[in-house]
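Q: Let's zoom in on the salt bridges here. Please walk me through how the charged side chains pair up, with just enough background on the fold to place them.

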Amino acid sequence: MSFVSKAFPEQLVPPGEIEARYPERGLLDGALVTRVGPSPTGMMHIGTLYVGLLNSLLAHQSGGSAILRIEDTDKLREVDGASNFIAESLKSFGIDFDEGPFDTLGNLGEYGPYIQSQRKEIYHSFAKFLLESGKAYLCFATTEELEQIREKQGQSSARTGYYGEWAIWREKPAEAVADALNVGLPWVLRLRSEGKHVRKIAFTDDIFGKREMAENDHDIVILKSDGVPTYHFAHVVDDHLMRTTHVIRGDEWLASVPMHLQIFEAFGWRAPRYAHVAPINKVEGVSRRKLSKRRDPEASVRFFEEQGFPKNAILEYLLSLADSGFEQWRMDNPTTSLFEFPLSLESFQAGGGPIFDFDKLDHVSKEYVSQLTAVEVFDLGVGWATKHDTELAARLSEDPDYARAALSIERGGEQARKDIRKWSDLRSEIGYFFDDWFDLTEDKISEQLSFIELAEINKLAQDFLKSFDLNDERTEWFSKMKNVAVKHGFAARPRDFKRNPEAYKGSVAHAAQIFRVLLTGESTSPDLFSVMQVMGLDRIQRRLSIGLSS
């Protein structure tokens, strides 16, 4: 066809030579080569993180390779810097890829480039091959003509699309194509479909199982008028050359499988196995829908970063959505890296999709943080605050030993504290340890301690200070507090005041609550003895010497 060189005037490497650059991988039996292909059209979606985690785990646990491939063919919607942000975000979560585009290393791997905009000549070489072999054709249909086709299809209740009698350039003679090229008419390259809508194609999805769907009979666009490939064409070429064995992606692509298998068949290539993952959903009223990056702030990974959710906690939550067996595995393996969880495609749910539940995320996050040491909480908290709460970062860093001591209270052991779910909680959960953040008014005292008068509170606090010694062991400290409490009308039970029952003000626990409010501003807190040990004598004396009128 004389017009082929006119359509592709550049000097292209023949497909055979390109194939030689990408040899078959020497894989062990059962090893998976997976890929994640995010599009840099905006923020990092939680779904990208979800699918990235699954692809990385499944590949590495099988002894295979995980590929990160930036699919930037949609130039109109591309956001500057999004590619680097996606790569760095995945890396910051500890999700490892063996191959891909990384700023510090360039293209890492032998099957790149891993950014589709850098593979244009490869796509053109294979597109030219399809054109030469008659499996694709040039289409010069205008926007107006395509709109007229849609209107006529609507009027006749025909299926919409460019196929059969509606494919007006499919059977045009070579002379007409050459004439259109010679006058510079814009064109797209379409696949010449041999499919029939009345026929079924059978395939097996590794999550949905055996499926039968109508063959694709549309002559789909594979190269746009600007020479950029469509996703349908580019991912087939890339998955073949990169020797991908398993395409694990969102189930919104399930309906496109017949089309993709058709492109593989046009080249005579073996298709990878497909596994379509149900997307993360959200309940809204009585219905459920996919998380939307336009409507739901939690659809963005940046949202969780700004809130301060620990990255590992987010990954653990995502694994619990993917595989219901993860929670039991975590209970049985509390200290094992989450990346060692034996993930399996067989355990994935087909259709529907898991529901994003903030209460569940909070629970998972609290459990995760409760297992960390005080040093780990301090380091991770300061790391987050340095970017998102500079005042908190400065406060924690000005006396690291004091901050770590505060964080060490009730940390470790079976009854570890579970008050911190995200790093932004540090301000409220340990802020009372810092004098300039501690704000306790008489009104707040009255609200928290409505069972006792302010004057009585002052007397109790002053009596306790007379006997308090920071060097006391826990038992001696409690004995002194109990003695002072009994003196002021607090005991285990009312009958302990047989001679003067009206003097009973409450239990010793009520007395402890008074000290807790005076020291922390709250009626609940971590272990009071430990709190006082960390605060030190001067701070305790200042807070218990509240100066209320007696």
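A: Half and half is a decent way in: 50% of the protein's 550 residues count as buried, where buried means under 20% relative accessible area, exposed means over 50% and partly exposed is in between (1.4 Å probe, protein chains only). Keep in mind that this is a predicted model, where local features need pLDDT of at least 70 and side-chain atom pairs pLDDT 80 or more, while totals for chains, interfaces and linings use all residues. Residues are numbered from 1 along each chain as its sequence is written, and side-chain values use heavy atoms, with hydrogens and water left out.

Some background first. The protein has 23 helices and 13 strands, which are DSSP runs numbered from the N terminus (H or I of at least four residues for helices, E of at least two for strands). The protein is more spread out than a compact globule, because its radius of gyration is 33 Å, well over the 24 Å that the globule rule gives for 550 residues; that radius is taken over C-alpha atoms, and the rule is 2.2 Å times the number of residues to the power 0.38. Along the principal axes, the C-alpha atoms fill a box of roughly 115 × 50 × 40 Å.

Now the charges. There are 66 positive and 84 negative ones, and their mean positions are 3 Å apart. Lys and Arg count as positive and Asp and Glu as negative, with His and the chain ends not counted; each charge is placed at NZ of Lys, CZ of Arg, CG of Asp or CD of Glu. Side chains of opposite charge can pair when their charged atoms come close. Call it a salt bridge when a side-chain nitrogen of Lys or Arg is within 4 Å of a carboxyl oxygen of Asp or Glu, and the count comes to 44.

Take Arg295 and Glu284, whose side chains meet at 3.0 Å, N to O. Arg295 sits in the loop between β13 (287-290) and α10 (301-307) and Glu284 in strand β12 (281-284), so this pair ties together parts that are eleven residues apart in sequence. Arg295 is exposed at 52% relative accessibility, whereas Glu284 is partly exposed at 35%.

Next up is Lys418 with Glu367, at 2.8 Å, N to O. Here the loop between α16 and α17 holds Lys418 and helix α13 (358-370) holds Glu367, so the bridge links parts 51 residues apart in sequence. Both ends are partly exposed: Lys418 at 38% and Glu367 at 28%. The loop of Lys418 also holds Glu410, which has a positive phi of about 55° although it is not a glycine. Glu410 itself is partly exposed, with a relative accessible area of 34%.

Then there's a helix-to-helix case, Asp463 and Lys487, with the closest N and O atoms 2.9 Å apart. Asp463 belongs to α19 (454-467) and Lys487 to α20 (474-487), so the parts joined are 24 residues apart in sequence. Asp463 is buried at 14% relative accessible area, while Lys487 is exposed at 61%.

Finally, check out the network: Arg35, Arg69, Glu71, Arg119, Asp238 and Asp239 are joined into one by salt bridges that share partners.
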